[in-house]
Amino acid sequence: MPRTSLIPAWIVKDSPVHGKGVFARRRIAPGACIIEYRGERITWEEAQRRAEARGGPVNHTFFFTLNDGRIIDGGSRGNEARFVNHACEPNCEAIEHDDGRVYLYSLRPIERGEELSYNYALIYEGRHTAALKKLFACRCGTPGCTGSYLAPKMPRRARAAGVHGRSGSSGSSVSSDPPG
Ligand SMILES: [Zn+2]
């Protein structure tokens, strides 16, 4: 597994954006592998069940959708990567390796003390109601902020409404496509 240093380049603390965040503890070069996104691997159906049990769609934000349609549940057996917040113009991206493991990489030089972020690119196939938009309102403060965690709706195959959490980098919907 890729490692750049034995000492983590990051630290978890309260974020001005949302809840807890992950911050650079030292300068990070572009393209550095920062942290793995760990958690229990579950089916899409199990993710739906857990989201409902946790009280609704907003709790999908610990889910990371893999290319094969399964989900990493960062809320179960996860690590600090689940605290990395969303930003519309992030300084990191999440990349799924061929073995299905997901790592966060820096997109540009990150200064010490900067909060790490990546674009969750959440896909929600239900109606984007005002209440839902409020639930997923983004206050990342980056210049390109769209005001929402949610990726714009795109035409796609009909499927049960739900949020596909954290579908990889750069707003791509590829990893949110159904398996097979
Ligand atoms: Zn934003």
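In this predicted model, Trp-10 reaches well beyond its sequence neighbours: setting aside residues within four places of it, Trp-10 is in contact with Val-22, Phe-23, Ala-24 and Arg-25, plus Ile-34, Ile-35 and Leu-116. Two of these partners turn up again in the largest nonpolar core, a set of 27 residues in which Trp-10, Ile-34, Leu-104 and Leu-116 have the most contacts. Quite a few elements chip in here, with at least two core residues coming from each of strands S2 (20-24), S3 (33-37), S5 (63-65), S6 (71-73), S8 (92-96) and S9 (102-106), and likewise from helix H1 (44-53). Apart from this core lies another one of 11 residues, including Ala-121, Leu-122, Tyr-149 and Leu-150.

Now for the sheet. Three of the strands line up as S3-S9-S8 in an open, antiparallel arrangement. Because S3 and S8 sit at the edges with a single partner strand each, one side of each has no neighbour in the sheet. From one strand to the next, the twist averages 30 degrees. The antiparallel pair S8 and S9 is held together by 5 bridges, and Ile-95 has Tyr-103 in S9 as its bridge partner.

Stepping back to the whole chain, there are 12 strands and 2 helices, following the order β-β-β-β-α-β-β-β-β-β-β-β-α-β from the N terminus. Of the 180 residues, 36% are buried. As for contacts between residues at least 6 apart in sequence, 70% link residues at least 24 apart.

How values were computed: Residues are numbered from 1 along each chain as its sequence is written. This is a predicted model: local features need pLDDT of at least 70, side-chain atom pairs count only at pLDDT 80 or more; totals for chains, interfaces and linings use all residues. A nonpolar core is a set of buried Ala, Val, Leu, Ile, Met, Phe, Trp, Tyr and Cys residues joined through C-beta atoms within 7 Å. A residue is buried if 20 or more other C-beta atoms lie within 10 Å of its own, exposed if 12 or fewer, and partly exposed in between; C-beta atoms are placed from the backbone. Helices (H or I, at least four residues) and strands (E, at least two) are DSSP runs, numbered from the N terminus. Two residues are in contact if their C-beta atoms, placed from the backbone, lie within 7 Å. Two strands pair if DSSP finds at least two bridges between them. Axes are lines fitted to C-alpha atoms, for helices over the stretch in contact, and angles run from 0 to 180 degrees between N-to-C directions.
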